[in-house]
Amino acid sequence: MENLVDKTMQADVIIVGGAVAGAALACAFAKYNLNVLVIDRRKDPGSMNRGDGLQPRTLEILEQWGVLQDFQSLPHVKSYGIELHHAFFKTLMKIDLKPLTSSKFNYIMNIPHREIEQGLLDWANKHDHIQINRGSSVENLTYDELGNVNGVVMKSGKEKITCRAKIVIAADGGLSSIRKELNIPAERNVYNHELIVLHMPRPAWFEGDLRTQVHLHRDGAVVLIPLPDQQMRITVVVPSGKSHAWRKFTDAELLNNLIKRVPSLKNVDIKREGEHIYKMVRMHADTYSSKGAVLIGDAAHLTHASSGQGMNMAIQDADVLSKLIAKHLHNQIDLNTALKLYEQVRKPINEDIISRSNFMSSVVFTPNKLAHTGKMFGMFTTRFIPGLRHKISSKIALGIAGANQQETIRLQLSSVIEHT
């Protein structure tokens with residue numbers, strides 16, 4: 001039987017989970033000189049892709065935190081939006097970020113997901129008041145005499161450590177054990193399709209002003225995401241249950257099936273390192289906090305990957321939550337007010353993103369062939385109505401950029417952030 005050594009420790013903030021949401025929140029807290037403990041059960045960042053693109057609003061936030069300069073030194077490419085293509089109808093729509101004037105960043109910074117996560121952790125780890133415990137697990141929450149969360153019990157090697165804190169934040173993913181212990185309802189809606197994630201060298205025709213290319217096909221879309229070092233990530237939409245059959249394909253079989261959907265991929269070399277299956281789930285927690293603990297990122301919401309916003313939502317959550325928690329810990333607002341404001345600000349924004357991504361899910365995969373053709377034809381005909389296609393694409397670009405968030409959030413938080 002294992003002998004555990006009991007210990008105790010104290011922090012201002014405990015963050016359970018050290019992936020992008022938790023690491024970003026640690027970065028956000030850095031300037032407040034608070035003692036922050038990040039607990040992550042993994043010893044290293046995960047290899048599974050959860051998004052590669054840092055969108056304009058996210059870049060503004062990273063710049064404000066002081067993180068962006070480090071990211072700009074990493075290999076990256078600038079992506080100026082999204083293009084929707086179809087083999088018969090050709091270019092259906094170009095969602096162009098270049099004309100945007102609402103942000104100083106009119107592009108998406110594409111960096112492999114693992115490097116984003118590691119970059120956030122490295123930056124946070126530069127600060128002495130931020131402690132990152134890797135390979136440690138949270139066994140359960142602890143509570144005060146009023147039933148409010150006041151810490152966690154952490155197992156680290158042969159040590160069992162009771163960690164006390166003024167606030168505990170769950171950044172432990174879509175299957176959050178903290179959310180479950182808090183009994184926060186969060187209905188999971190599983191999509192009827194999933195993604196196969198692959199890598200290939202970026203071909204010569206995929207150059208110039210780079211944008212993510214979405215090649216729509218009746219069997220499921222193929223998405224080409226430009227990455228540094230002349231690489232690209234490929235996500236293939238397949239019906240649920242078919243992913244494992246695709247992974248059994250030889251390289252030649254895999255390439256032939258890709259060419260059926262995107263003929264221009266002919267003669268491109270396949271790189272199968274890091275190949276994985278990505279299940280598509282939609283979820284939004286009924287509330288973001290309970291008993292003085294709070295959810296962030298995937299613990300609070302899951303969205304379809306079609307608009308590439310899940311990671312960005314987590315970083316944007318961290319920006320708002322850190323400001324409010326810092327105000328509370330500096331005795332300027334009470335905890336209940338801080339948590340209510342966080343949910344009031346972020347939940348409608350996240351719900352809008354989830355809804356838009358859910359709509360796009362039906363575009364990238366429409367099992368009914370007649371319905372698929374109807375959707376493609378509908379998008380094609382927008383070119384014949386003056387200004388309509390531009391209006392639609394501009395609205396989508398503003399949504400991706402998060403252009404309206406900053407002013408909305410500023411107005412909602414002005415009484416707290418500016419006048420306390």
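Helices (H or I, at least four residues) and strands (E, at least two) are DSSP runs, numbered from the N terminus. With those labels in hand, let's look at some close-ups of this predicted model.

**View 1. The second largest pocket and the elements around it.** Several named elements share the job of lining this pocket: strand S5 (81-86), strand S6 (90-96), helix H9 (335-364), helix H10 (369-381), helix H11 (388-401) and helix H12 (405-417) each give at least two residues. H9 supplies the largest share, with 10 residues. The pocket has a volume of about 750 Å³.

**View 2. Residues of the second largest pocket's lining.** Look for Arg356, Met360, Ile392, Lys395 and Ile396, which lie nearest the pocket's centre among its 31 lining residues. Sorted by class, the lining holds 18 nonpolar, 9 polar and 4 charged residues.

**View 3. Strands S5 and S6, joined by a hairpin.** Here you can follow the chain from S5 into S6 through 3 residues. The two strands run antiparallel and are joined by 6 bridges. To find your place, start at His85, which stands opposite Thr91 in S6. In a regular strand the side chains alternate between the two faces of the sheet.

**View 4. An open sheet of 3 strands.** The strands come in the order S3-S7-S4, and their pairing is antiparallel. Strand S3 (53-54) and strand S4 (77-79) are the edge strands; each has a single partner strand, so one side of each lacks a neighbour in the sheet. Between S3 and strand S7 (residues 108-110) there are 2 bridges, and Gly53 stands opposite Asn110 in S7.

**View 5. Helix H1, buried along its residues.** How many of the residues of helix H1 (residues 20-29) are buried? The count is 10 of the 10, so the helix is largely enclosed by the rest of the structure. Among them are Val20, Leu25, Cys27 and Phe29.

**View 6. The largest nonpolar core.** This core has 89 residues, and Ile14, Phe29, Leu54, Trp65, Phe71 and Leu120 touch the most other members. Helix H8 (residues 310-329) contributes the largest share of the core, 11 residues. A second, separate core has 30 residues, including Ile82, Val214, Leu216 and Ile400.

**View 7. Trp65 and its contacts.** Leaving aside residues up to four places away in sequence, Trp65 touches Ala24, Cys27, Ala28, Trp123, Ile315, Ala318 and Asp319. Three of these names may ring a bell: Ala24, Cys27 and Ala28 are buried residues of H1.

Terms used
Residues are numbered from 1 along each chain as its sequence is written. This is a predicted model: local features need pLDDT of at least 70, side-chain atom pairs count only at pLDDT 80 or more; totals for chains, interfaces and linings use all residues. Side-chain values use heavy atoms; hydrogens and water are left out. On a 1 Å grid over the protein atoms alone, a cavity is a set of points where a 1.4 Å probe fits but cannot get out, and a pocket is an open set with protein on both sides within 12 Å along at least five of seven lines; lining residues have an atom within 4 Å of a point. Grid points are joined across faces, edges and corners, and a volume is the space filled by probe spheres set on the points. Ala, Val, Leu, Ile, Met, Phe, Trp, Tyr, Cys and Pro count as nonpolar, Asp, Glu, Lys and Arg as charged, and the others, Gly among them, as polar. Buried means under 20% relative accessible area, exposed over 50%, partly exposed in between (1.4 Å probe, protein chains only). Two strands pair if DSSP finds at least two bridges between them. A nonpolar core is a set of buried Ala, Val, Leu, Ile, Met, Phe, Trp, Tyr and Cys residues joined through side-chain atoms within 4.5 Å. Contact means heavy atoms within 4.5 Å.
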